[in-house]
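Got your viewer open? Here is a short walk through the model, stop by stop.

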Amino acid sequence: MTDEPPSLALRLIAALLFAFLLLPVAVVVLAAFSDTAYLTIPPQGLTLRWFAKVFHDPDYLAAIVLSLKLAAVATLLATVLAVPACYALHHRWVPAGETIANLLMSPLIFPAVVIGVALLQYVSLLGIRGSFATLVLAHAMIVTPYLIRTGLAGFAGMDPALEEAARVLGANRFMAFFLVVAPVIRSSLGAGLVFALITSFDEVPVTVFLLPPGQATLPVTIFTAIDQGVDPSVAAVSTLMIAATAILLVAVERFAGMRRLF
Amino acid sequence: MTRSGERRAGWLLVAPLCLLLLAVFVAPVALMLPTSFRTYQPGLGITSGWTAHNYTQIVTDGYLLEVLGRTFVLGVSVTAICLVLGFPLAVVLARASGAARGILTLLVVFPLTLNVVVRSFGWISLLSNRGLINQALMALGIVDVPLRMMFNLTGLIVGLTHVLLPVMVVLLAAALRALPRDVEAAAATLGTRPWKTFFLVTLPLAAPGIFAGCVLVFVLTISALVTPRLLGGPAYKVMATAIFDEFLSSLDWPTGAALAFALTLFALAVVALAGLLTRRWVAAR
């Protein structure tokens, strides 16, 4: 690709496409602050009432807590399992490492709804429908590919001489890992972690089949609310998610750089 | 460490993750396979005995055939639109540098990371009968009755294009950035017109990346559940939402399982075929 700046026509097209990408986001935010139950043009009245409704709704609060807890526990579990696996795969300690890595990545190309219904039947057969543990295991499996990808990239980008030097200087494998290897792969792994947290928090097509009765994650709560007819507090809670996403992205860009994610 | 010691340590490190994958991915999918050959009778549930009817009905039952065809049309349309719209955006993104590159990347990644439920909700506010677009069209006197843009193919295409355009742009921009810097300049120096350079130099070189982007967008479109459900409603079904309803509403798990395997096979076949074609293409040049 040349470094020549794009022509005016190209920039105009790009601006229109960005408008298309941001249009529904703007609409949701406007609806959240608007007084009428249905969004009108121009928006009528300014209110924070819908936000107050969200913060006083025990269902939404429980959903936020469940989503955060699930994302944190599942990502932690997946990380604890994925980092050692990446270490062994990187050092070629196991035969057929490529096949194993591909297997670990495979949940990514399976339609999520298929994994969801398969798990629904599975937990019904085992008689463990609607348990938090199943949700954690399922989410850990779903986010594993992101951690494997960034983990392997992190190990591959590391100078192997660093670990050898630590070993020659008398560190055992554990010390060498925690004192030398971990700090080097940290930023790469951090990007995978952020992606895993977002993926788990946002997951619907598997989660919807596994939720305990009467409980739901935040996206599933909104999904169900829309499915049953829109209530303006949906716009308010969606706006909160938009704000959280924006803050998170700016923080990632500031501290790690977007390049690590994409 | 000795070679066999490394082998043993390696298995110990890899095994826990493999066990997790076996327990909550491989086993559930494998156990759904026999279900897809069972019969379901309303009121009785899943009965004993084997049948291939769940699979044959997908191509003989008019309704299921329509759902299958609709899913395919949706996948092709969304992929084509994402490619056409995504290309200029990817070119702008790939050529940007410094602060502009950071901001443009953020603008593409922001919708990408934003929850799909939230994004679909935004489109409902825009496309529904009382939505913003219809209000605007009626206020301007362009239409008298609201245009139907939801619960049909239009709504699904718009919603899924919005969901997958950033994916396409990210992949295309990566493919364009990986191009050797000098070839376009060389073509220009030799007097080739810009559009000719684009079609004869840029496009063939970026072809494997473009193809990979299209395959991913197609597979993600035919697998999508949330956007088709919210913008299509319970009546306008695609494969994924049909599977959802068989399992949660009609409780006909054998039919749902057969549909699930058909969808998976479809997606995996597209991925495998694409991989084969890409290897041929790269080898041929």
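Where is the place of Pro219(A)? Select that residue and you land in helix H10 of chain A, which spans residues 218–227. Keep in mind as you look around that this is a predicted model.

**Stop one: around Pro219(A)**

Is Pro219(A) buried or exposed? Buried: there are 23 C-beta neighbours inside 10 Å of Pro219(A), and the cut-off for buried is 20 or more, so the residue qualifies. Now show the contacts of Pro219(A), skipping anything within four places in sequence. From chain A you should pick up Asp202(A) and Val204(A), and from chain B, Asn115(B) and Val117(B). Before moving on, add Arg173(A) to the selection and draw a C-alpha to C-alpha distance to Pro219(A): the two sit 46 residues apart in sequence and 42 Å apart in space.

**Stop two: where the chains touch**

Colour by chain next. On the chain B side, 78 residues are in contact with 74 residues of chain A. Which element gives the most to that side of chain B? That would be H1(B), with 20 residues. Split by class, the side of chain B that touches chain A comes out at 57 nonpolar, 14 polar and seven charged residues.

**Stop three: a pair of helices**

Hide the rest and keep helix H4 of chain A (residues 97–105) together with helix H1 of chain B (residues 3–35). Their axes come within 10 Å and cross at roughly 40 degrees. An angle like that is neither under 35 degrees nor in the 65 to 115 range, so H4(A) and H1(B) are oblique to each other. Turn the view to check the hand of the crossing: left-handed.

Switch on side chains here. From H4(A), pick Ile100(A), Leu103(A) and Leu104(A); these meet Val14(B), Leu17(B), Cys18(B) and Leu21(B) in H1(B). In class terms, this contact has seven nonpolar residues, with no polar and no charged ones.

**Last stop: the domains of chain A**

Bring chain A back on its own and colour it by domain. Domain 1 runs over 1–47 and domain 2 over 55–260. How many Å separate the centres of domain 1 and domain 2 of chain A? Taken over C-alpha atoms, the separation is 30 Å. Look for where the two touch: six residues of domain 1 are in contact with six residues of domain 2. On the domain 1 side, the residues divide into six nonpolar, no polar and no charged.

Terms used. Residues are numbered from 1 along each chain as its sequence is written. Chains are lettered from A and ligands numbered from 1 in the order in which they are written. This is a predicted model: local features need pLDDT of at least 70, side-chain atom pairs count only at pLDDT 80 or more; totals for chains, interfaces and linings use all residues. Axes are lines fitted to C-alpha atoms, for helices over the stretch in contact, and angles run from 0 to 180 degrees between N-to-C directions. Helices (H or I, at least four residues) and strands (E, at least two) are DSSP runs, numbered from the N terminus. Angles under 35 degrees count as roughly parallel, over 145 as roughly antiparallel, 65 to 115 as roughly perpendicular and the rest as oblique. A crossing is left-handed if the near helix is turned anticlockwise from the far one by less than a right angle, and right-handed if clockwise. Two residues are in contact if their C-beta atoms, placed from the backbone, lie within 7 Å. Ala, Val, Leu, Ile, Met, Phe, Trp, Tyr, Cys and Pro count as nonpolar, Asp, Glu, Lys and Arg as charged, and the others, Gly among them, as polar. A residue is buried if 20 or more other C-beta atoms lie within 10 Å of its own, exposed if 12 or fewer, and partly exposed in between; C-beta atoms are placed from the backbone. Domain bounds come from an automatic or database domain assignment.
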